Amino acid sequence: MSARDYPRPSVSVDLVVLTIVDAQLRVLLVKRKVFPFKGSWALPGGFVRVGEAPDDQGEDLDAAARRELEEETGLGPDRVFLEQLYTFGKAGRDPRMRVITVAYYALVRPDLAPLVRAGGDVSDAEWFEVSILKKMELAFDHRDIINLAIDRVRGKLDYSDIAFELVPVTFTIPELRHVYSIVTGKEMDPGNFRRRFNRMIDNGVLEKAPGKRITVSKPATVYRFKRAS
């Protein structure tokens, strides 16, 4: 049997790009300028490229995600944390044909957020507060994808250095606590957070950094995440 004898659903990648701007957790949405959902807000993404020749199977999923990230936001993958999230393959999720999408989530430092620009088959790109998404009509099943990505990031806060991607290189304890509060949507008790902070130091996730942060009261100790070598 040849390849043409088998069903061939299309495969795409969608990107949930998150950052913190003005003390709000925000997600990057792009306005589609083509069918379907023309004029609607959607996640950046696109189809995985497949070669024309029988022996050319095209690009890898991760390569497709990195390409789409750069094409639709202008941010290179070397500047952004990018990780595979989940596969969404419900029949009917795309009105054109059977499309299976592999979702990724990306975390962008706040200082890089203003550099994002629209590209590809979109007419605009904008950072939206996560809290207002429930009032918006989004294309495809992108609301479900966003919700899962946010849950994944929240779940990884406790056992990984993922928050490193949403803070400056160095930070004080209150600054990091503020980031945790923004991402989780819950106010963090200072005493409980300090105990969590100390555990991260004991576990080798955090370390003191050189210098001090000048505050209104007194210079504060700054810390940084220890990156895996």
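Biologist: Which residues does Arg98 touch, not counting residues up to four places away in sequence?

Modeller: This is a predicted model, with residues numbered from 1 along each chain as its sequence is written, in which local features need pLDDT of at least 70, side-chain atom pairs count only at pLDDT 80 or more, and totals for chains, interfaces and linings use all residues. Side-chain values use heavy atoms, with hydrogens and water left out. Taking contact to mean heavy atoms within 4.5 Å, and not counting residues up to four places away in sequence, Arg98 touches Pro9, Ser10, Gly89, Lys90 and Ala91.

Biologist: Which backbone oxygen does the side chain of Arg98 reach, and at what distance?

Modeller: Arg98 sits in the loop between strand 5 and strand 6, where strands (E, at least two residues) and helices (H or I, at least four) are DSSP runs numbered from the N terminus. Arg98 is partly exposed, with a relative accessible area of 42%; buried means under 20%, exposed over 50%, and partly exposed in between, for a 1.4 Å probe and protein chains only. The backbone oxygen reached by the Arg98 side chain is that of Gly89, at 2.7 Å.

Biologist: In what order do the elements of the protein chain run from the N terminus on?

Modeller: The secondary structure of the protein chain comes to four helices and nine strands. Of the 229 residues in the protein chain, 43% count as buried, and among contacts between residues at least 6 apart in sequence, 63% join residues at least 24 apart. From the N terminus on, the elements run β-β-β-β-α-β-β-β-α-α-α-β-β.

Biologist: Within what arc do the buried residues of helix 2 fall, seen down its axis?

Modeller: Helix 2 covers residues 142–156 and reaches 21 Å from its first C-alpha to its last, close to the 21 Å expected, where the expected span is 1.5 Å times one less than the number of residues. Its buried residues are His142, Ile145, Ile146, Ala149, Ile150, Val153 and Lys156. They line one face of the helix, because the arc, taken from the directions between the helix axis and the C-beta atoms, comes to 135 degrees.

Biologist: Which helix do the buried residues of helix 2 pack against?

Modeller: The surroundings of these buried residues include strand 1 (10–21), strand 2 (24–32), strand 3 (41–42), strand 5 (81–88) and strand 6 (99–107). The helix among their packing partners covers residues 173–184 and is helix 3.

Biologist: Which element supplies the largest share of the largest nonpolar core?

Modeller: A nonpolar core is a set of buried Ala, Val, Leu, Ile, Met, Phe, Trp, Tyr and Cys residues joined through side-chain atoms within 4.5 Å; the largest has 44 residues, and those with the most contacts inside it are Val16, Val27, Leu29, Ile146, Leu176, Phe197 and Phe225. Among the elements that each supply at least two residues of this core are strand 1, strand 2, helix 2 and helix 4 (190–202). The largest share, six residues, comes from helix 3.

Biologist: What distance separates the end C-alpha atoms of helix 3?

Modeller: The buried residues of helix 3 are Ile173, Leu176, Val179, Tyr180, Ser181, Ile182 and Val183, and their cover includes strand 1, strand 2, helix 2, helix 4, strand 8 (206–213) and strand 9. The twelve residues of helix 3 should span 16 Å at 1.5 Å a residue, which agrees with an end-to-end C-alpha distance of 16 Å.

Biologist: Is Thr172 buried or exposed, and what is its relative accessible area?

Modeller: Thr172 lies in the loop between helix 2 and helix 3. Not counting residues up to four places away in sequence, Thr172 touches Arg213, Ala220, Thr221 and Val222. Thr172 is classed as buried, and its relative accessible area is 5%.

Biologist: What is the omega of the peptide bond from Phe35 to Pro36?

Modeller: Pro36 lies in the loop between strand 2 and strand 3. Phe37 is found in the loop between strand 2 and strand 3, and has a positive phi of about 60 degrees although it is not a glycine. The peptide bond from Phe35 to Pro36 is cis, with omega near -5 degrees.

Biologist: What is the phi of Ala23?

Modeller: Ala23 belongs to the loop between strand 1 and strand 2, and is partly exposed, with a relative accessible area of 41%. Its phi is positive, in a residue other than glycine, and lies near 60 degrees.

Notes:
A polar contact is a pair of N or O atoms within 3.5 Å; within protein, one must be able to donate a hydrogen and the other to accept it, and residues adjacent in sequence count only if both atoms are side-chain atoms.
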